[in-house]
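This report describes a structure for a reader who has not met it before. Please look at the sequence and the model below before reading on.

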Amino acid sequence: MIEASTLRKAFGAVTAVRDVSLRAQDGRITGLLGPNGAGKSTTLRILYTVLRPDGGDATIDGISVLRDPLEARKHIGVLPHGTGIYPNLTARENVLYFGALHGLSRKDSAARAAELIGLLEMEEFADRVAKGFSQGQRVKTALARAIVHRPRNVLLDEPTNGLDVMAVRTLRRLLKRLRDEGHCLLFSSHVMQEVGALCDEVVVIAHGTVVANGTPDDIRSRTGKSNLEDAFVRLIGTGEGLG
Amino acid sequence: MIRAILTVFVKEFRENLRDRRTLFSALLLGPLLGPVLFYAALSLNIEQTTAKSDRPIEVAVSHGERAPNMLAFLHQYGVDVKPVDLDDSGARAAIRDHQQSLVLVIADSFGTHLALGDPAPLQLYADSSDASNTRGLSRVRLLLEQYGSLIARLRITARGIDPSVLTPIVVQDVDVSTPASRSVVLLGTLSYLILLTMLMGGMYLAIDTTAGERERGSLEALLTVPVKRQQLIYGKILATCAYMAISLTLTVIAFSIALPHAGLEHFGMSVNFGPLAVMRLILYCLPLVPLGAALMTIVAAFTRSYREAQTYLAVVLLVPTLPLVFAGMLGLRPTARLMMVPSLSQHFLITSLLRDEPIPAAFSALSVVTTLAVGAVLMSIAGRLYDREALLG
């Protein structure tokens, strides 16, 4: 479970996150929805302990990211924006490296990597050097890397960016499977359909502030719009999406 | 903790082994380029220094007032006479401390002996093991002998005999040697190239593991693993160290193979470069590896991109090599204080090893200890800087 309360973060004069409180529960997929520059990535980066908030705090399974980031990291798997895998390592080596950094034994790591390669249908490219991977192959590799240590919580920053339909479907299937296993999933997106198709809970962010949260149905009914996209535009105000 | 550092080390080492650019610069370019550059420096140096061979020779003369005519003679043949006041032990000390390269002491009895027609005593002090002196020494000795024979001729003429009976043969010496300071410059170039290629061997790794990792976007994921950031950077620096050490070893071996064919003996230099010297040379340079790796990593970690890192590191490469340039220009010699300067001390160790001039063991120890200490400080700075949030850019 991930809980954030009144997070605030500024970079110089620019306040990226003004006031964000949210809760992502186990066994649920929570979507962080907002236009570009709304503070989604900054919020996620605070939650996965890469940035320290200027104000507020967040906990991962009850562990404060401020006070004990090292311990909190053991409970999260992260798929950062742009995946970022090592081009001169094979997909399998990318996964094994993170297994080792998470303290898994060599044997454990290898078994888990093999398992994930099967699960994510990566057999075909698992032992190829990642340099020439397609976006879909890269995301799969990064995802396998993110969950190699079986984290209870998984955070994904715009995971479907640049994926083709088939890759999106594989990803959705996997996220749902993780949810059904009782994991807590939190992912950010600016794509309405994505959130509507996948999320149990939605947190809408604009200008670094949470403007709405609830199930997709809640939000539709609250804004009086039957279409989630219209509801979204209504919530953040017109024109914002262009900024 | 050790495990995490080793995990990072092994991964960086292996990944860069597959990177053609890193391999090229670390394992091929340096070891090949070093000897080539050295040849270039060699031929350039010869051209430059032949012009200097007519420079006046300087001789420190004690009690010059006892032989004014002789000094006038020396002066006429291009010797710069510098009056000093030194006795026997003073003259020895002045030579040993490299304050003077030639000292001529004119004895008290010089004038009286000369007047009586007895052999008049002169003491000429010089260090014959110092290669930079040989030209001046032989020239001054020759001039003194010429002066002596001039007096002999005058005496013989005064007795009504043709002085040419004294010269049954005539030898004409044509001095075309270049100043032996060249050997110092050449060996300086050699140690400069060794240290430079050693640093270059780690340069791409220092960039790739920091600025490169950030640019590829993998840094963000890496920072979410439950490992302290210091440990991550130590593992990366360790990998950089490994490549530097490999590059150093290959370069030194390449020089040891190439130098005997460089024809150095034609220039009055003999270079001691056997297998034992190769090993000692590598050992002398190894303490500089962590220092260089930490320094390059610190700089690369705070640039915004791979290319920016390359630009800055090209400048940083010059920093550890600057003391060498000064040493060359100022003609510095090893002292306890200078042996505390990293890279300069390695330079002294390398040149003294190659010239086969033993250097005190305390000096080598001083070099190792201070260099490692500075390296440790830089490592901890790198660790601390890596902990900053700004790292993500």
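## Salt bridges in chain A

R28(A) is partly exposed, with a relative accessible area of 27%. The model is a predicted one, and in it R28(A) forms a salt bridge with E201(A), the closest N and O atoms being 2.6 Å apart. This pair links distant parts of the chain: R28(A) sits in the loop between strand 2 (14-24) and strand 3 (29-33) of chain A, while E201(A) belongs to strand 9 (residues 201-206), 173 residues apart.

Another salt bridge joins the side chains of R92(A) and D127(A), at 2.8 Å from N to O. R92(A) lies in helix 3 of chain A and D127(A) in the loop between helix 4 (106-119) and helix 5 (135-146), so the pair ties together parts that are 35 residues apart in sequence. R92(A) is partly exposed at a relative accessible area of 25%, and D127(A) is exposed at 52%.

What separates E115(A) and R112(A) along helix 4 of chain A? The two are three residues apart, which amounts to about one helical turn. An α-helix has 3.6 residues a turn, so residues three or four places apart point the same way. E115(A) and R112(A) form a salt bridge in which the closest N and O atoms are 3.1 Å apart. E115(A) is partly exposed, with a relative accessible area of 40%, whereas R112(A) counts as buried at 8%.

## A buried glutamate and the confidence of chain A

E194(A) is found in helix 7 of chain A, which covers residues 192-198. Is E194(A) buried or exposed? With a relative accessible area of 5%, E194(A) is buried. Leaving aside residues up to four places away in sequence, E194(A) touches T160(A), V168(A), R172(A), F187(A) and S189(A).

The average pLDDT of chain A is 89, and 98% of the residues score at least 70. Among the elements of chain A, helix 3 (residues 91-101) has the highest mean pLDDT, 96, and helix 9 (residues 228-236) the lowest, 77. Where pLDDT is low, the predicted coordinates should not be read in detail.

## Chain B in outline

Chain B contains 15 helices and four strands. Of its 393 residues, 48% count as buried. Among contacts in chain B between residues at least 6 apart in sequence, 74% join residues at least 24 apart.

## Helix 4 of chain B

Which residues of helix 4 (residues 88-96) of chain B are buried? They are G90(B), A91(B), A94(B) and I95(B). Seen down the axis of the helix, these buried residues fall within an arc of 135°, so they line one face of helix 4 of chain B.

The buried residues of helix 4 pack against two strands of chain B, strand 3 (102-106) and strand 4 (122-126). Just after the helix, H98(B) takes a positive phi of about 65°.

## A buried methionine in a loop of chain B

M339(B) is found in the loop between helix 13 (322-330) and helix 14 (344-355) of chain B. M339(B) counts as buried because its relative accessibility is 0%, and the cut-off for buried is under 20%.

Not counting residues up to four places away in sequence, M339(B) touches P334(B), S345(B), F348(B), L349(B), I359(B), F363(B), L366(B), S367(B) and T370(B). One of these contacts, S367(B), is 28 residues from M339(B) along the chain, and the C-alpha atoms of the two are separated by 5.4 Å.

## Where the chains meet

The size of an interface is often given as the accessible area lost when the parts come together. Chain B and chain A bury about 2600 Å² between them, 58% of it on carbon and sulfur atoms. The contact takes 30 residues from chain A and 26 residues from chain B.

Three salt bridges are found across the interface of chain B and chain A. The side chains of R45(A) and E220(B) meet in a salt bridge at 2.7 Å, N to O. Twelve residue pairs are in polar contact across the interface, with both residues at pLDDT 80 or more. Helix 1 (2-17), helix 7 (181-216), helix 8 (218-222) and helix 9 (229-258) of chain B each supply at least two residues of the side of chain B that touches chain A. Helix 1 of chain B gives the most to that side, with seven residues.

Note on methods: Residues are numbered from 1 along each chain as its sequence is written. Chains are lettered from A and ligands numbered from 1 in the order in which they are written. Side-chain values use heavy atoms; hydrogens and water are left out. Buried means under 20% relative accessible area, exposed over 50%, partly exposed in between (1.4 Å probe, protein chains only). Contact means heavy atoms within 4.5 Å. pLDDT is the predictor's confidence in each residue, from 0 to 100. The arc is that of the directions from the helix axis to the C-beta atoms. Buried area is the accessible area (1.4 Å probe) that two parts lose on being put together, summed over both. A salt bridge is a side-chain nitrogen of Lys or Arg within 4 Å of a carboxyl oxygen of Asp or Glu. A polar contact is a pair of N or O atoms within 3.5 Å; within protein, one must be able to donate a hydrogen and the other to accept it, and residues adjacent in sequence count only if both atoms are side-chain atoms.
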